[in-house]
Amino acid sequence: MSESVRPFKEVPKLGFFQGLRVVAASGGGRVDMLSGLREQYETLGPVVLQLSGPFKLVNLFGPDANRLVLQDRDQIFSAMRPWVQIMGRIFTNGLLLRDGADHKHHRKIMHEAFTRPALRDYVERMNPIVARGLDSLAGSEPVLAFRAYKQLTLEIAASIFVGMDLGPQTRPMNRAFEDMVAASMSRIRLPWIGREFARGLSGRKYLLETLGGMLEKKHGDGGPDMFSRLCRARTPEGEALSDSEVLDHMIFLMMAAHDTTTSTLSSLTYELAKHPDWQERVREESRALGTGEPGLEELGRLEALGWAMDETIRRYPPLPVIPRVNTADFEFGGYEIPAGCMVVVSPIHTHHMAEWWSDPFTWDPARFGPGRLEQERHTHSWVPFGSGPHMCLGLRFAEAQVRLVMHHLVTRFRMSVPHGYTMPVQQAPISKPRDGLPVRFTPLA
Ligand code: HEM
């Protein structure tokens, strides 16, 4: 062993009585999540044991921690264990709620619904839905953009994911789905009648029945929607998903896509409204495409819009923290962390570290552009989509969808927020504007 490597035994063991790096969970949401994490890192360092009831929660800070935990080279960080605890009864058996070989097998099959030809097709079919969905935004009064985007992404999910014709019949499905999302974030997990959690369970039952009733048709129709694609997806060895697996994946996919995209569209709209110079720049770029209905390749050419999106999910990562449970002891930052802890890495914290980003609290898309490329200072300093085996499967879909909606928005409207307005951000569990984000969409001449 080289001189510089400390023998494992001498590494301090992280325990309840090792006071220096232990904090009690801050109650009542007194400080926002990012400030709390920054305070822990600045006062206690990159490894902090947080006491949260009976749980041992270990916060690991910085890009090296992100790489270790998310890449999971030694296969000791379970995504299934924390995520089942958080959303297992509502989004049962979703891809993120699987580990190891089982996860790999499912991901391989699901990949079939995310190939480039599939994405090209989704974009083509999304264009008219987005164009129609944005009609209602125009006006002299501010609109709550978050609400409007939520509705739009639900309509996109009904059509592109499920293959339903838009109309009143999508309403109960959207309702069921919203109830499930609310229930998965509910603090009280008891199925009392009328309570949030019970409504979520009923929503799941409704969706299972509704989607289940479509299975036969989906198996046979060779359709372009995600549901049909999952039904006919096969590994090279010919393995397929069972019907119940298809339904579980569909429900999880709709959830994974919905709030994250709504969150990104809202934060990006806010920043473009606050930065008219960038809004004009992305508008010019979009106009230069010379089409009202861009395809996947054309969307890929919207460079400045791409930087603006990347910068937005740096400042407001929809998923601010990522949990795992370690199934074996491991060492990080000179500490030995015993098996069975809830290990949490924090994209939101890493994205605001002055060690990796210049002026990290300023929204500055040019940092992603030529000459600066700040995101390349470390492989894991920009991780809004996670990394490693569980890295977001819908990354390219999300990028295309956000670019498409923004293309339609900036070529049709000038977006503005009230004078002196600052968006109040709720950072967790999913980043969103607390006040719904009032935006005026003024039609362009
Ligand atoms: C801007 C939008 C999005 C963001 C920021 C985002 C972020 C993330 C993150 C951070 C993870 C990893 C979680 C973990 O490691 O514990 C993840 C996983 C996942 N995301 Fe996304 N996501 C977005 C949109 C989407 C969309 C549109 C879809 C589907 C169409 C999707 C499907 C998934 C799936 C299936 C997983 C689980 C992957 C696995 O376990 O192998 N996401 N996402």
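Helices (H or I, at least four residues) and strands (E, at least two) are DSSP runs, numbered from the N terminus. The structure is a predicted model, in which local features need pLDDT of at least 70 and side-chain atom pairs count only at pLDDT 80 or more, while totals for chains, interfaces and linings use all residues. Residues are numbered from 1 along each chain as its sequence is written, and side-chain values use heavy atoms, with hydrogens and water left out.

Helix 10 was examined for length and burial. It covers residues 243–274, a run of 32 residues. The expected span of a helix is 1.5 Å times one less than its number of residues. For helix 10 this gives 46 Å, and the end C-alpha atoms are 47 Å apart, which agrees. Burial was judged by relative accessible area: buried means under 20%, exposed over 50%, and partly exposed in between (1.4 Å probe, protein chains only). Of the 32 residues of helix 10, 26 are buried, so the helix is largely enclosed by the rest of the structure.

Helix 10 also contributes to the surroundings of the ligand. A residue is near a molecule or strand if one of its heavy atoms lies within 4 Å of it. There are 28 residues around the ligand, and those that come nearest are His 103, Arg 107, Arg 324, His 390 and Cys 392. Helix 10 gives the most to this shell, with 6 residues. At least two residues each come from helix 4 (100–110), helix 10, strand 6 (322–326) and helix 15. By class, the shell has 20 nonpolar, 6 polar and 2 charged residues. Here Ala, Val, Leu, Ile, Met, Phe, Trp, Tyr, Cys and Pro count as nonpolar, Asp, Glu, Lys and Arg as charged, and the others, Gly among them, as polar.

The ligand contains an iron atom, and its only protein donor is Cys 392 (SG), at 2.3 Å. Donors are N, O and S atoms within 2.8 Å of the metal (3.2 Å for Na, K and Ca); water is not among the atoms, so sites may look incomplete. Cys 392 sits in the loop between helix 14 (347–350) and helix 15. Oxygen atoms of the ligand also take part in polar contacts. A polar contact is a pair of N or O atoms within 3.5 Å; within protein, one must be able to donate a hydrogen and the other to accept it, and residues adjacent in sequence count only if both atoms are side-chain atoms. A polar side-chain atom of Trp 83 lies 2.9 Å from a ligand oxygen. For His 103, the distance from a side-chain N or O atom to a ligand oxygen is 2.7 Å. For Arg 107, a polar side-chain atom lies 2.7 Å from an oxygen atom of the ligand.

Salt bridges were counted next. A salt bridge is a side-chain nitrogen of Lys or Arg within 4 Å of a carboxyl oxygen of Asp or Glu. The count comes to 26. In one of them, Arg 412 pairs with Asp 135, with the closest N and O atoms 2.7 Å apart. Arg 412 lies in helix 15 (residues 395–412) and Asp 135 in the loop between helix 5 (116–133) and strand 5 (143–144), so the pair ties together parts that are 277 residues apart in sequence. Arg 412 is partly exposed, at 26% relative accessible area. Asp 135 is partly exposed too, at 46%.

Other salt bridges join into a network that links Glu 311, Arg 314, Asp 364, Arg 367, Arg 372, Glu 374 and Arg 377. Arg 314 bridges to Glu 311, with the closest N and O atoms 2.7 Å apart. Both lie in helix 13 (residues 303–315), 3 residues apart, about one turn of the helix. Both are buried. Arg 372 bridges to Glu 374, with a closest N to O distance of 3.0 Å. Arg 372 is partly exposed, at 34% relative accessibility, whereas Glu 374 is buried, at 2%.

The backbone has some unusual points. Most residues other than glycine have a negative phi, and most peptide bonds are trans. Asp 72 is not a glycine, yet has a positive phi of about 50°. Asp 72 lies in the loop between helix 2 (63–71) and strand 4 (77–78), and is buried, with a relative accessible area of 13%. Asn 93 has a positive phi of about 65°. Asn 93 is placed in the loop between helix 3 (80–87) and helix 4, and is partly exposed, at 37%. The peptide bond from Ala 428 to Pro 429 is cis, with omega near 0°. Pro 429 lies in the loop between strand 11 (425–426) and strand 12 (432–433).
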